[in-house]
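I opened the model and kept notes in the order in which I looked things up. Each entry gives what I checked and what came out.

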Amino acid sequence: MRYDDVEVGASIGRRELPVRRLDLIRYCGASGDFNELHWNERAAKRAGLPDVIAHGMFTMARVGRLVTDWAGDPGAVVEYEVRFSRPVVVPDTDEGVTLVVEGAVAEKLGDGCVAVELTASMEGADVLSAVRAVVRLG
């Protein structure tokens, strides 16, 4: 991807990302975050949640993958920020839940950098807001 070839408003793509309980268990092991809210339905319900929820950082990372895949180099992402607006509730089914991620180039910043804005939703409701990345292109 080259800076001169990118236009404001251009789509960087759309992905449907399944999230299953198994993914959360794997993330627990990788991150060391074994908070019961991410794997124990009884603990989640005691805390007032409808069910187990995905780690925020897991969700952020999955969504950010759209940007790194588009850029072709994870090292090209120089900034990445999100706000968590709704928990990702993951039912105990084989399918889990599906995150829908879309992004577009929002601004050309100069010096080879572009700002990309993303949306991330589950069942039609945003789970992240103000999702923005700055990417340095060649």
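Entry 1, overall layout. I read the chain from its start and found the pattern β-α-α-α-β-β-β-β. That makes 3 helices and 5 strands. I note here that this is a predicted model. I looked up the extent of the C-alpha trace, and along the principal axes it spans about 50 × 30 × 25 Å. The chain has 138 residues, and 40% of them count as buried. For the accessible surface I got about 7500 Å², with 48% of it belonging to carbon and sulfur atoms. I also checked how far apart in sequence the contacting residues are. Among contacts with a separation of 6 or more, 68% join residues 24 or more positions apart.

Entry 2, the sheet. In what order do the strands of the open sheet lie? I traced the order as E1-E3-E4-E5-E2, with antiparallel pairing. E1 and E2 (77-84) are the edge strands, and each of them pairs on one side only. Ignoring direction, I get an average turn of 20° between neighbouring strands of this sheet. I then took one pair for a closer look. E4 and E5 (residues 125-136) are joined in the antiparallel sense over 9 bridges. Within that pair I looked up leucine 118, and its bridge partner in E5 is valine 131.

Entry 3, helix against sheet. I followed H3 and found that it lies across E1, E2, E3 (97-110), E4 and E5. The angle of H3 to E1 is about 145°.

Entry 4, helix H1. Which residues of H1 (residues 21-31) are buried? I listed Arg21, Asp23, Leu24 and Cys28. Seen down the axis of H1, these buried residues fall within an arc of 155°, so they line one face of the helix. I recalled the general rule that an α-helix has 3.6 residues a turn, so residues three or four places apart point the same way. On the other side of H1 I found Arg26, Gly29 and Ala30 exposed. I then asked what covers the buried residues of H1. The cover includes strand E1 (11-19), helix H2 (41-46) and helix H3 (56-71). After H1 comes glycine 32, and I read its phi as positive, near 80°.

Entry 5, serine 121. I located serine 121 in strand E4 (residues 113-122). Is serine 121 buried or exposed? Its relative accessible area is 17%, and the cut-off for buried is under 20%, so serine 121 counts as buried. I left aside neighbours within four places in sequence and listed the contacts of serine 121 as Thr98, Leu99, Val100, Asp126 and Val127.

Entry 6, proline 50. I found proline 50 in the loop between H2 and H3. The relative accessible area of proline 50 is 55%, and exposed begins over 50%, so I put proline 50 down as exposed. Not counting residues up to four places away in sequence, proline 50 touches Lys45 and Val89. Last, I took a C-alpha to C-alpha distance from proline 50 to glycine 110 and got 45 Å. In sequence, proline 50 and glycine 110 are 60 residues apart.

Definitions and conventions:
Residues are numbered from 1 along each chain as its sequence is written. This is a predicted model: local features need pLDDT of at least 70, side-chain atom pairs count only at pLDDT 80 or more; totals for chains, interfaces and linings use all residues. Side-chain values use heavy atoms; hydrogens and water are left out. Buried means under 20% relative accessible area, exposed over 50%, partly exposed in between (1.4 Å probe, protein chains only). Contact means heavy atoms within 4.5 Å. The arc is that of the directions from the helix axis to the C-beta atoms. Two strands pair if DSSP finds at least two bridges between them. Axes are lines fitted to C-alpha atoms, for helices over the stretch in contact, and angles run from 0 to 180 degrees between N-to-C directions. Accessible areas come from the Shrake-Rupley method with a 1.4 Å probe; for residues, only the protein chains shown count as cover.
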